[in-house]
Amino acid sequence: MRALRHFLLLTIICSLCAIAPGIASAQGSAQQFQTEQTAQDHCPADTVVWVNTKSGVYHFKGQRWYGNTKEGAYECRKEADGEGDRATRNGQ
């Protein structure tokens, strides 16, 4: 009985692994960078934003939280928009 449960659990996990890549690509995925310069090198024609990766809110250079949240990364704005992130609403 234990072997059957183990087999069923592995089957479910493998099924989820096969589904997950399709979900991720449908949402889009932005490359995240530790420095502003590497992000700018990746997308020279786009605006670099700081994305709070926990909330999905991004900030522009010159705003209070740009580069200053506990969890975050520099990303290209178009890529951030593509993965469902949004600009801050209060201008900070």
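In which segment is Thr88 found? In this predicted model, Thr88 belongs to the segment after β4. With a relative accessibility of 16%, Thr88 counts as buried, because buried means under 20%. The side chain of Thr88 makes a polar contact with the side chain of Asn90, at 2.8 Å. Setting aside residues up to four places away in sequence, Thr88 also touches Val57, Tyr58, His59 and Gln63. Three of these names lead straight into the sheet, since strand β2 covers residues 57–59.

The sheet itself comes next. Strands of a sheet pair through backbone hydrogen bonds, in either a parallel or an antiparallel manner. Here, 4 strands form an open sheet in the order β3-β1-β2-β4, and the pairing is mixed. Strands β3 (72–76) and β4 (86–87) stand at the edges; each has a single partner strand, so one side of each is left without a neighbour in the sheet.

Strand β1, made of residues 48–52, pairs with β3 in the antiparallel sense, and 5 bridges connect the two. Two positions help to trace this pairing by eye: Val48 stands opposite Cys76 in β3, and Val49 stands opposite Glu75 in β3. Strand β1 is joined to β2 as well, through 3 bridges, and these two strands also run antiparallel. Within that pairing, Val51 has Tyr58 of β2 as its bridge partner. The hairpin of β1 and β2 has 4 residues between the strands, and Gly56 in this hairpin takes a positive phi near 80°.

How many of the residues of β1 are buried? The count is 5 of 5, and the strand is mostly covered. The side chains can be sorted by direction: Val48, Trp50 and Asn52 point one way from β1, while Val49 and Val51 point the other way, and all of them are buried.

Asn52 deserves a closer look. This residue lies in strand β1 and has a relative accessible area of 16%, which means that Asn52 is buried. The side chain of Asn52 reaches the backbone nitrogen of Ser55 at 3.2 Å. Apart from residues up to four places away in sequence, Asn52 touches Val57, Thr69, Glu71 and Gly72.

Attention now turns to the nonpolar core. The largest one has 8 residues in all: Phe33, Ala39, Cys43, Val48, Trp50, Tyr66, Tyr74 and Cys76. Strands β1 and β3 each supply at least two residues of this core. Tyr66, one of the core members, has a long list of contacts. Neighbours within four places in sequence aside, Tyr66 is in contact with Glu36, Val48, Val49, Trp50, His59, Phe60, Lys61 and Tyr74.

Two of the core residues are also linked to each other in another way. A disulfide is a covalent bond between the sulfur atoms of two cysteines. The whole structure holds 1 disulfide, and it joins Cys43 to Cys76 with an S to S distance of 2.0 Å. This link brings together distant parts of the chain: Cys43 sits in the loop between α2 (36–42) and β1, Cys76 sits in strand β3, and the two are 33 residues apart. The angle about the S-S bond is -100°, and the link of Cys43 and Cys76 is left-handed. Both Cys43 and Cys76 are buried.

Charged side chains complete the picture. Across the whole structure, 2 salt bridges are found. In one of them, the side chains of Lys61 and Glu36 meet at 3.3 Å, N to O. This pair also links distant parts of the chain, with Lys61 in the loop between β2 and β3, Glu36 in helix α2, and their positions 25 residues apart. Are these two partners buried or exposed? Lys61 counts as exposed at 61% relative accessibility, whereas Glu36 counts as partly exposed at 26%. Both Lys61 and Glu36 are also among the contacts of Tyr66.

The other salt bridge is formed by Asp81 and Arg77, whose closest N and O atoms are 4.0 Å apart. Asp81 and Arg77 are 4 residues apart in helix α3 (residues 77–82), so about one helical turn separates them. Asp81 is partly exposed, with a relative accessible area of 37%, and Arg77 likewise counts as partly exposed, at 32% relative accessibility.

Definitions and conventions:
Residues numbered from 1 in each chain as written. Predicted model: local features only at pLDDT ≥ 70, side-chain atom pairs only at ≥ 80, totals over all residues. Heavy atoms only, no water. Pairing = 2+ DSSP bridges. Buried < 20%, exposed > 50% of the residue type's maximum accessible area, 1.4 Å probe, protein only. Polar contact = N/O pair within 3.5 Å; in protein donor to acceptor, adjacent residues only side chain to side chain. Contact = heavy atoms within 4.5 Å. Disulfide = S-S within 2.5 Å. Core = buried A, V, L, I, M, F, W, Y, C linked by side-chain atoms within 4.5 Å.
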